[in-house]
Amino acid sequence: MSASSRRLAPHIPSEEPVADGTVSVDERVYEAVSRALLSGKLRPGTPLRERALAEALGCTRGAVRKVFTRLGAEKRLVLEHNRGAFVPNPTVEEMRSIYRARRIVEAGLVTSLCGQLNAVQTEALQRHVQAEYQAMEEGRRADSIRLAGEFHLVLAHMAGSDELLSYMQRLVRTTELYKALFDSVAATACAPREHQEIINALLGGARDKALAVAMAHLDELEQRVIHGAVAEREVDLVSLLAGSSSTPGC
């Protein structure tokens, strides 16, 4: 494992301090926009305006633009030339493709970790699940979604591969947004319980069972997200048709 991987704490921070211990402007803006996206209040296709965000966050438009570029690279914003930044509106096939990638990667991850967790790693995972429960109980939806994704990053960190962790971060950030956009608030409560089941299966050392539990968790999440996306688009279509029916001459 490289030095950078050893330094990575089980909790993956979203903010990075600068030399004096404060959070840089870029990281503050990144965190604010990320929380807005994970809150689920911004709907697919919503435009994000540089000027309005810069004024709201007390920063320059240049800082907002840098954060947009970063979020675009993470697939959490869509950047269109001469039009600006928009909340993604992924197709069902695009979402299925990302979940397929997660299943393939996490199957290998679970196989690698099954029966191999030590006491320190187990305690870190249990603390993380408790943090998930607390966020859920306090109604902090953005934190609940972020922590749910980070559980899988904690597992990836324990595998000891920087390359794996980097790829997992990209996949998890994308599916976090899918969950925020299309999963129900009530379904957030499922994550810590399902994550505890994954921990128990990994500790049990039965590889087939651990794989079954982990894959069922991802399958269920994918099904809920896609169901929510389809339902939202049906509502949008109904609204559009209802609006057209009142147009003069129709």
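In which sense, left-handed or right-handed, does helix H3 pass helix H4? The crossing of H3 with H4 is right-handed. This report describes a predicted model, beginning with its helix contacts and then turning to its enclosed and open spaces.

**Helix crossings**

Helix H3 covers residues 50–57, and its axis comes within 8 Å of the axis of H4, with a crossing angle of roughly 115°. That angle makes the two helices, H3 and H4, roughly perpendicular. On the H3 side the contact is formed by Glu 50, Arg 51, Leu 53 and Ala 54, while H4 contributes Arg 61, Val 64, Arg 65 and Phe 68. Sorted by class, the contact of H3 with H4 comprises four nonpolar and four charged residues, with no polar ones.

H4, which spans residues 61–73, also meets helix H2, residues 25–38; their axes come within 9 Å and cross at roughly 55°. H2 and H4 are therefore oblique to each other. The passage of H2 over H4 is a right-handed crossing. From H2, the residues in contact are Val 25, Asp 26, Glu 27, Val 29, Tyr 30, Val 33, Ser 34 and Leu 37; from H4 they are Ala 63, Val 64, Lys 66, Val 67, Arg 70 and Leu 71. Nine of the residues in the contact of H2 with H4 are nonpolar, one is polar and four are charged. Val 64 of H4 takes part in the contact with H2 and in the contact with H3.

A further pair is formed by helix H6, residues 119–137, and helix H9. Their axes come within 9 Å and cross at roughly 165°. H6 and H9 are therefore roughly antiparallel, and their crossing is left-handed. H6 brings Thr 122, Leu 125, Gln 126, Val 129, Glu 132, Tyr 133 and Met 136 to this contact, and H9 brings Ala 191, Pro 192, Arg 193, His 195, Gln 196, Ile 199 and Leu 203. Eight residues of the contact between H6 and H9 are nonpolar, four are polar and two are charged.

The three pairs are set out below.

| Helix pair | Axes come within | Crossing angle |
|---|---|---|
| H2 and H4 | 9 Å | roughly 55° |
| H3 and H4 | 8 Å | roughly 115° |
| H6 and H9 | 9 Å | roughly 165° |

**Cavities**

The structure contains two cavities of 30 Å³ or more. The largest cavity holds about 130 Å³ of space. Its lining consists of 16 residues, and those closest to the centre are Ala 148, Gly 149, Lys 179, His 217 and Leu 221. Four helices each give two or more residues to this lining: H7 (141–158), H8 (162–182), H9 (190–204) and H10 (207–245). By class, the lining of the largest cavity has six nonpolar, five polar and five charged residues.

The second largest cavity holds about 50 Å³. Glu 106, Leu 109, Val 110, His 152, Leu 155, Ile 198, Ala 214, Met 215 and Leu 218 line this second space. Here the elements giving two or more residues are helix H5 (92–113), H7 and H10. The lining of the second largest cavity has seven nonpolar residues, one polar residue and one charged residue. H7 and H10 thus appear among the contributors to the largest cavity and to the second largest cavity.

**A pocket between helices**

The second largest pocket encloses about 310 Å³ of space. Of the 15 residues that line this pocket, Lys 75, Glu 94, Ile 98, Thr 174 and Tyr 178 lie nearest its centre. H5 and H8 are the elements that give two or more residues to the pocket lining. The largest share, five residues, belongs to H8. Nine residues of the pocket lining are nonpolar, three are polar and three are charged.

How values were computed
Residues are numbered from 1 along each chain as its sequence is written. This is a predicted model: local features need pLDDT of at least 70, side-chain atom pairs count only at pLDDT 80 or more; totals for chains, interfaces and linings use all residues. Side-chain values use heavy atoms; hydrogens and water are left out. On a 1 Å grid over the protein atoms alone, a cavity is a set of points where a 1.4 Å probe fits but cannot get out, and a pocket is an open set with protein on both sides within 12 Å along at least five of seven lines; lining residues have an atom within 4 Å of a point. Grid points are joined across faces, edges and corners, and a volume is the space filled by probe spheres set on the points. Ala, Val, Leu, Ile, Met, Phe, Trp, Tyr, Cys and Pro count as nonpolar, Asp, Glu, Lys and Arg as charged, and the others, Gly among them, as polar. Axes are lines fitted to C-alpha atoms, for helices over the stretch in contact, and angles run from 0 to 180 degrees between N-to-C directions. Angles under 35 degrees count as roughly parallel, over 145 as roughly antiparallel, 65 to 115 as roughly perpendicular and the rest as oblique. A crossing is left-handed if the near helix is turned anticlockwise from the far one by less than a right angle, and right-handed if clockwise. Contact means heavy atoms within 4.5 Å.
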